[in-house]
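Ready for a few hands-on exercises? Have your viewer open, try each task yourself, and then compare your steps with the solution.

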Amino acid sequence: MLITTRRKLLKLLGTSAAAFALPSFAQPPAFPKGAIIRTLLKDYAPEELAIGATLFHEHLSLAPDFMDKFRAASAAVQAANGIRPAGNAAPAAAAAPPRPAAPAPTRDLDAMVADINKAKAAGVTCLVDAGHADMGRDVEFARRVAMQSGMPIVACAGFYSQPYYPEMIATMSEDMIVQALLDQVAANPTGALGEIGSWDEMTKDERKVFRAVGRAHMATNLPIITHTGIPGKAAIEQLDILEDAGVKPNRVVIGHLGNLVDANVYVHKTLCRRGAFIGFDRQGGGGDAQVVPMVMALIEAGFADNLLFSADASSGYDKTMTVFVPKVKAAGATDEVLHRIMVDNPRRLLAFVPKK
Ligand SMILES: [Zn+2]
């Protein structure tokens, strides 16, 4: 009876695994000696996580008022850019900014574990919770989810963006912010600095935080995950500031660049040429239609190794694999390229050699 059930289960897993198989035909990526991917429960050799996809930007928990602040900040950016706010007569689909990942995530452990297990069945092997203290990320909840689901979860450290900073950021020196970041890194097993954000024109404090994050990277080698607003104006400047602090662009993913809609992908290509990763990380929903052509343009321009996909989700962690990847495949991306994007690129971003 048990065997039958187990067989059935394996058959089921086999079926879904086949549907999302992303075979590797290319050379596996090489990692620096001593590189690890640091998750909440243990450090992995990057090769150990080669069996499936890694989602580089998701959220397991956020503060109860997070989405209200997010909507307010987004609306201010859209107004500043002359984009009609949603809610007035329906804007044209192309002009409608993608909505932020829906409701705040559940704190129901069983429901979260069930959701994470769905992602596992869809081929997800590792997941980054890109939140941190000032976004209301609950690290103990993430730890319990990791223990109960067996999903390796990468936790982050950082300061988010202007409307979310703790009040003291305004008066803290850059040195003090660097130290605060290092304290966060020391407080939990930390696998990345992220998400580190700005909205439109970067504010004075956002620039200060970005400089401090660059320096915290230099002290730790931790990869950096950023957040840009709509339409991603600050993308180049974010990389400029980090690079100026000594960060190599290939240690950085500039996030949310599906919001920067441009058929010519000029800014995206500029970032790729400099070696940075591009985050198409609000996928698996309405924003996909505007993103798929940009993904294909970048693949055709030879930048597949710079692309990262995720959903910035607070539920439905399978949708990058079950909804978005099939759309990119239908648009002509090969399994080999999709394997690089979903399996290899996130490990190349996340693997780092810890500094003593
Ligand atoms: Zn996010």
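The exercises below go from the whole chain to single residues, and the model they use is a predicted one.

**Exercise 1. The chain as a whole**

Task: Work out how many helices and strands the chain has, what share of its residues counts as buried, and what share of the contacts with a separation of 6 or more comes from residues 24 or more positions apart.

Solution. Step one is the secondary structure: the chain has 11 helices and 10 strands. Step two is burial: 55% of the 356 residues count as buried. Step three is the contacts: among those with a separation of 6 or more, 84% are between residues 24 or more positions apart.

**Exercise 2. A pair of rings**

Task: Classify the ring pair of Phe66 and Phe70 as stacked, tilted or edge-to-face, and place both residues in the secondary structure.

Solution. Begin with the total, which is seven aromatic pairs. For Phe66 and Phe70, the ring centres are 5.9 Å apart and the planes stand at 40 degrees. Centres within 6.5 Å make a pair, and an angle that is neither under 30 degrees nor over 60 counts as tilted, so this pair is tilted. Next, find the backbone: both residues belong to helix H2 (residues 66-80), where four residues, about one turn of the helix, set them apart. Now check burial, for which the cut-off is under 20% relative accessible area. Phe66 has 4% and is buried; Phe70 has 5% and is buried too. Finally, widen the view: Phe66 and Phe70 form one aromatic cluster with Tyr160, Tyr164 and Trp199.

**Exercise 3. A charge over a ring**

Task: Find what lies over the face of Tyr44, and at what distance from the ring centre.

Solution. Look along the ring normal of Tyr44 and you meet Lys42, which lies over the face at 4.4 Å from the ring centre.

**Exercise 4. An enclosed space**

Task: Describe the second largest cavity by its volume and by its lining.

Solution. The idea behind the search is simple: rolling a probe the size of a water molecule over the atoms shows where empty space is left. Over the whole structure, two cavities of 30 Å³ or more turn up. The second largest has a volume of about 50 Å³. Its lining is made of 10 residues, and those that lie nearest the centre are Gly258, Asn259, Arg282, Gln283 and Val291. Sorted by character, the lining of this second largest cavity has six polar, two charged and two nonpolar residues.

**Exercise 5. Three residues, buried or exposed**

Task: Decide whether Gly197, Ala187 and Thr54 are buried or exposed, and list what touches Gly197 and Thr54.

Solution. Start with Gly197 in strand S6 (residues 192-197). Its relative accessible area is 0%, so Gly197 is buried. Beyond residues up to four places away in sequence, Gly197 touches Phe159, Tyr160, Ser161, Tyr165, Glu206, Phe210, His227 and Gln238. Ile225 is 28 residues away from Gly197 along the chain, and their C-alpha atoms are separated by 8.7 Å.

Move on to Ala187 in helix H5 (residues 174-187). With 57% relative accessibility, Ala187 counts as exposed. Its C-alpha atom is separated by 9.4 Å from that of Ala157, 30 residues apart along the chain.

Last comes Thr54, which is part of strand S3 (residues 53-58). At 2% relative accessibility Thr54 counts as buried. With neighbours within four places in sequence set aside, its contacts are Cys126, Phe309, Met342, Pro346, Arg347 and Leu350.

**Exercise 6. Unusual backbone geometry**

Task: Identify the cis peptide bond between Gly194 and Glu195 by its omega, then compare the settings of Asn221 and Val265, residues with positive phi.

Solution. Recall the background: most residues other than glycine have a negative phi, and most peptide bonds are trans. For the bond joining Gly194 and Glu195, omega is about -15 degrees, a cis peptide bond. Glu195 is in strand S6.

Turn to Asn221, whose phi is positive at about 70 degrees although it is not a glycine. Asn221 sits in the loop between helix H6 (204-220) and strand S7 (224-227), and at 22% relative accessible area Asn221 is partly exposed. Val265 also has a positive phi, near 40 degrees. Its loop runs between strand S8 (252-254) and helix H8 (266-274), and at 2% relative accessibility Val265 counts as buried.

Conventions:
Residues numbered from 1 in each chain as written. Predicted model: local features only at pLDDT ≥ 70, side-chain atom pairs only at ≥ 80, totals over all residues. Heavy atoms only, no water. Phe/Tyr/Trp six-rings, centres within 6.5 Å; stacked < 30°, edge-to-face > 60°. Buried < 20%, exposed > 50% of the residue type's maximum accessible area, 1.4 Å probe, protein only. Lys NZ or Arg CZ within 6 Å of the ring centre and 35° of its normal. 1 Å grid on protein atoms, 1.4 Å probe; cavity = no way out; pocket = protein on both sides within 12 Å on 5 of 7 lines; lining within 4 Å. Points joined across faces, edges and corners; volume = space filled by probe spheres on them. Nonpolar A, V, L, I, M, F, W, Y, C, P; charged D, E, K, R; others polar. Helix = DSSP H or I, 4+ residues; strand = E, 2+ residues; numbered from the N terminus. Contact = heavy atoms within 4.5 Å.
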